[in-house]
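Biologist: Could you take a close look at the salt bridges for me? I'd like to hear which side chains pair up and what parts of the chain they link.

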Amino acid sequence: MTPIVSVFAASPDRGRGLARDMAVRWALAEVGQDHELRLLSFADLKTAEHKARQPFGQIPTYETDGLTLFESGGIVLHIAETHSGLLPTNPAVRARSIAWMFAAVSTIEPVIVEREVAVLLEADKPWTHERLPMLEARLRQRLDDLAAWLSGRDWLEGDFSAGDIMMVCVLRRPASAMLLSDYPVLAAYVARSEARPAFQTAFADQKARSDAAHG
Ligand code: GTB
């Protein structure tokens, strides 16, 4: 069966490739796997039918023979485990590539999201003005450490892997992207990733869908 990926019918990011289906689309393009789309509105997300696929009523999901998966990282890992090209065969390097997938979503992304929440949802709170420098310092600490690791490397662990897909999708979030000019190593890493044909394909596909929906 051709896998089905659920995505926003009209993505609120208006084609910037920031919604969580981007990592899944990118991974599928890297391994040359076709897919179909299940287009969902915000209302569709909260139906019992969709919550049976995704318990939290979100996108993306991934449906293939006998399996319905949720969580973009879990989906990318499954794609990498069932196709060649996104995880090395050497067990130690493979384990470290998977560790980088977790580092992206559990070490780097939380400090990015914390800052985004402060700016987008708590801007009117009296404490936000004082908190922002602290949140930015925490984010910069993570970016400093990541830049130090990537210095002299093209990819996180040997060849390009699923770890890079997850990390680059996190670094493309606005709160991180706005700081990347201060981190030439990270800016080059994101640019190198975005130049990959598979990224270009996935980006163009989600943008075309968004343009068609938003006009
Ligand atoms: N941990 C889950 C995963 O990785 O799959 C998170 C999934 C998720 O947050 N999905 C969002 C959703 O369905 C869409 S991507 N939201 C509807 C809801 O919760 O009701 C959200 C998103 C938008 C913009 C950015 N950005 O600008 O960086 C990042 C993520």
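Modeller: Sure, and keep in mind that this is a predicted model. Let's start with Asp-154 and Arg-192, whose side chains meet in a salt bridge with N and O 3.8 Å apart. That still makes the cut, because the rule asks for a side-chain nitrogen of Lys or Arg within 4 Å of a carboxyl oxygen of Asp or Glu. This pair links distant parts of the chain, 38 residues apart: Asp-154 is in the loop between α6 and α7, while Arg-192 is in helix α9. Asp-154 is partly exposed, at 45% relative accessible area, and Arg-192 also counts as partly exposed, at 28%.

Now hop over to Asp-182 and Arg-140, where the closest N and O atoms of the salt bridge are 2.8 Å apart. Asp-182 sits in the loop between α8 and α9 and Arg-140 in helix α6, so this pair ties together parts 42 residues apart in sequence. Asp-182 is partly exposed, with 45% relative accessibility, and Arg-140 is partly exposed at 24%.

Next up is Arg-173, which makes a salt bridge with Glu-116 at 2.7 Å, N to O. Arg-173 lies in the loop between α7 and α8, and Glu-116 belongs to helix α5, so the two tie together parts 57 residues apart in sequence. Glu-116 is buried, with a relative accessible area of 11%. There's a bit extra here: salt bridges with shared partners join Arg-20, Glu-109, Glu-116 and Arg-173 into one network. Across the model, the count comes to 18 salt bridges.

Key: Residues are numbered from 1 along each chain as its sequence is written. This is a predicted model: local features need pLDDT of at least 70, side-chain atom pairs count only at pLDDT 80 or more; totals for chains, interfaces and linings use all residues. Side-chain values use heavy atoms; hydrogens and water are left out. Helices (H or I, at least four residues) and strands (E, at least two) are DSSP runs, numbered from the N terminus. Buried means under 20% relative accessible area, exposed over 50%, partly exposed in between (1.4 Å probe, protein chains only).
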